[in-house]
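I opened this entry to record what I looked up, beginning with the overall shape and ending with a single residue.

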Amino acid sequence: MILSLENVSKIYNGNTILDNVALTIEDNDRIGLVGINGCGKSTLLRIITGTEDPETQPEPNVARVAITKSASIGFLAQNTGLDRSSTIIEEMTSVFSGLLKIGEELRELEKTMASPEAHNDEARFAEISEEYARKTAIFEANDGYLINVKINKVLNGMGFAPETYDRVISTLSGGEKTRLALSKLLLENPNLLILDEPTNHLDFNTIMWLEDYLKDYKGALLIVSHDRYFLDKLTTSTCEIERGRLKRYKGNYSAFTKLKEADVIRQMKEYEAQQEEIAKLQDFIDRNLVRATTSNMAKSRIKKLEAMELIEKPVTNTKSAKIKFEYDIAPPIDVLTVKNIDISVRSGFDRKTLVDDLSFEVKRGEKLGIIGSNGIGKSTLLKIIQHILPCSHGSVEWTKNIKISYFDQENSQLDFNKTVMEEVHSRYRTMSDLQIRSILGAVRMVGENVFKPISVISGGERAKLCFAIMMLERGNVLILDEPTNHLDIDTKEVLEKALCDFDGTIIFVSHDRYLLNRLATRILEITPNSAESFNGGFDEYMEVKRANQLAEEKQLEAQKAEKAKQEAAEKSVKAYRSKEQRSADAKKRNRIRELEKEIERLEAEMQTLQEEMASPEVCQDYQLMQEKCAEYEQKKLLSSDYSDEWLMLSEEMES
């Protein structure tokens, strides 16, 4: 066990955020933490990491936060916690400062052991040898020789190329700092890794690398994320915070949604049955309490009511947003034809071409998901096909009877100086305030929020306002740029259902793999050199990509095999060599085989000696440790000599 919480509560301004929460995290747990915005997820994480204390409560509800003494907890803080004056490589290397110090001490000990003074003092030499063996065991047990390999692997996976290693952290963007902080956290390898929205600022390739890395993570994971695909890939249990209570479900996010739905149905039936029983008991009490003949029976029912443990009415989705997209006129089958266009952006006084000669078609009823690396021009493409931005060549042709409704992730179509009500009213002047309040209420924009300026409402609220406007526009083609950004999971699922139910045409850009998987009928991947179309959703796209990668690897292997075959043939037709030369080569080959066997034998014996030197029995026996160290050094020296001879003979054979 790493962590145990009992009776953890938290109250803010009289509102109970956490109500006697209990949670146990074992060594290899993979937990997804979910709940609506403001439910208390961040508060719980702060309590776990010790930056906030739970409420003080009397017995028997005393709050307990127990962390195993040897356990370490890693948490990706919002301010990243990085040293702004360090370079990238310096910050990553600092994780291994203790281990690197041991490495430096080993080098110093080696120099001391090699000095004549140490050899002349037998007791001193034995003491140094013992210290050297002990520190070597620690260094090797913690993979001290693999420090650079680990750093390069994580930095490369998180999108930092070697040429960026010397950049000072203060010069990085906010997204780069977040990625670097996550890289550092992975290298620290804590027993419990807490990740709060880890996929923010990551592109597809980085997210998929992170998923693969975390699948093999040796510690426990606690993940808060709106990326449901990410949760599905990594979590084996899901904890939901609802109305201050925490409930744990077995399985990933998709399993949780099914279990939660069944749980709500079951609890509702139990609640309704209990309410019916309470009504019957109360009716009997009301009718019989004042009658002398039945008073005792009524009192017994009062006691039964008082002793009854009330079942809470489950939270249902009755207050979820109600989004529905409809249109009036259906277009012909061929909706859009794009031929040989370029995607370019302005860079100073010049234009930089991101993609050239891009062509694709869209049919009626298709749901086309557009993906590609950050900065490839996906959002620009959506504006080009709407003629908002120009292209220098090619053509964009829409069929007749097309009405486009556009969701811009920057919300540029909104006037930030207007209130929510004014924005809708300016577009639909004949609508009454009641009608406008009704359409805004459908997307859960209610109360005083509708009178706030658009500039002060949240990104999620702005997105909901855009969806309300899109419902009023009744477009038969929806063009969406990252529509699920800023939305909580509940609203995401409502939007997804609305988009799946829409039988018109959808062209959308998204990094939300769950949305791509559920909505897309075809995926268009844009790269600098080409645009490739894949039928189906994200899973089907990944299957094709993996198959292509496997085919490429097999082709490379075949090419290597063919090259090796040709090289062997070229060697076989070389000029005739004398009998003496062939005999000498045969002896060299035999000697190389002998050396390989000897080196392998010595390495196995050295490994055995290392294990013996690390054992308590040897560490406590000074004389035995000295003997083992001496034997190890002797075998190491012999192995080195054999390796040098093997290398020399191998080079002679190749020349």
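**Overall shape and confidence**

I began with the radius of gyration: the protein has 34 Å, whereas a compact globule of 655 residues would have one near 26 Å. I then took the spans of the C-alpha trace along its principal axes, which come to about 110 × 80 × 45 Å.

The model is predicted, and I checked its confidence next. The mean pLDDT of the protein is 89, with 96% of the residues at 70 or more. By element, I found the lowest mean pLDDT, 72, in helix α20 (residues 616-619). Strand β16 (residues 505-509) has the highest, 97.

**Make-up, contacts and surface**

I listed the secondary structure and got 21 helices and 18 strands. For burial, I noted that 42% of the 655 residues are buried. Among contacts with a separation of 6 or more, 67% are between residues 24 or more positions apart.

The exposed area of the protein is about 36,100 Å², and carbon and sulfur atoms supply 50% of that area. I also looked up the charges: there are 89 positive and 109 negative, and their mean positions lie 6 Å apart.

**Ala255**

I located Ala255 in helix α10, which covers residues 253-288. Is Ala255 buried or exposed? Neither label applies, because its relative accessible area is 26% and the partly exposed class lies between under 20% for buried and over 50% for exposed. I entered Ala255 as partly exposed.

Last, I took the distance from Ala255 to His387, which is 132 residues away along the chain. Their C-alpha atoms are separated by 43 Å.

Notes. Residues numbered from 1 in each chain as written. Predicted model: local features only at pLDDT ≥ 70, side-chain atom pairs only at ≥ 80, totals over all residues. Heavy atoms only, no water. pLDDT = per-residue confidence, 0-100. Helix = DSSP H or I, 4+ residues; strand = E, 2+ residues; numbered from the N terminus. Rg over C-alpha atoms; globule rule 2.2 N^0.38 Å. Buried < 20%, exposed > 50% of the residue type's maximum accessible area, 1.4 Å probe, protein only. Contact = heavy atoms within 4.5 Å. Areas by Shrake-Rupley, 256 points an atom, 1.4 Å probe, with all protein chains shown as cover. Lys, Arg positive; Asp, Glu negative; His and termini not counted. Charge placed at Lys NZ, Arg CZ, Asp CG, Glu CD.
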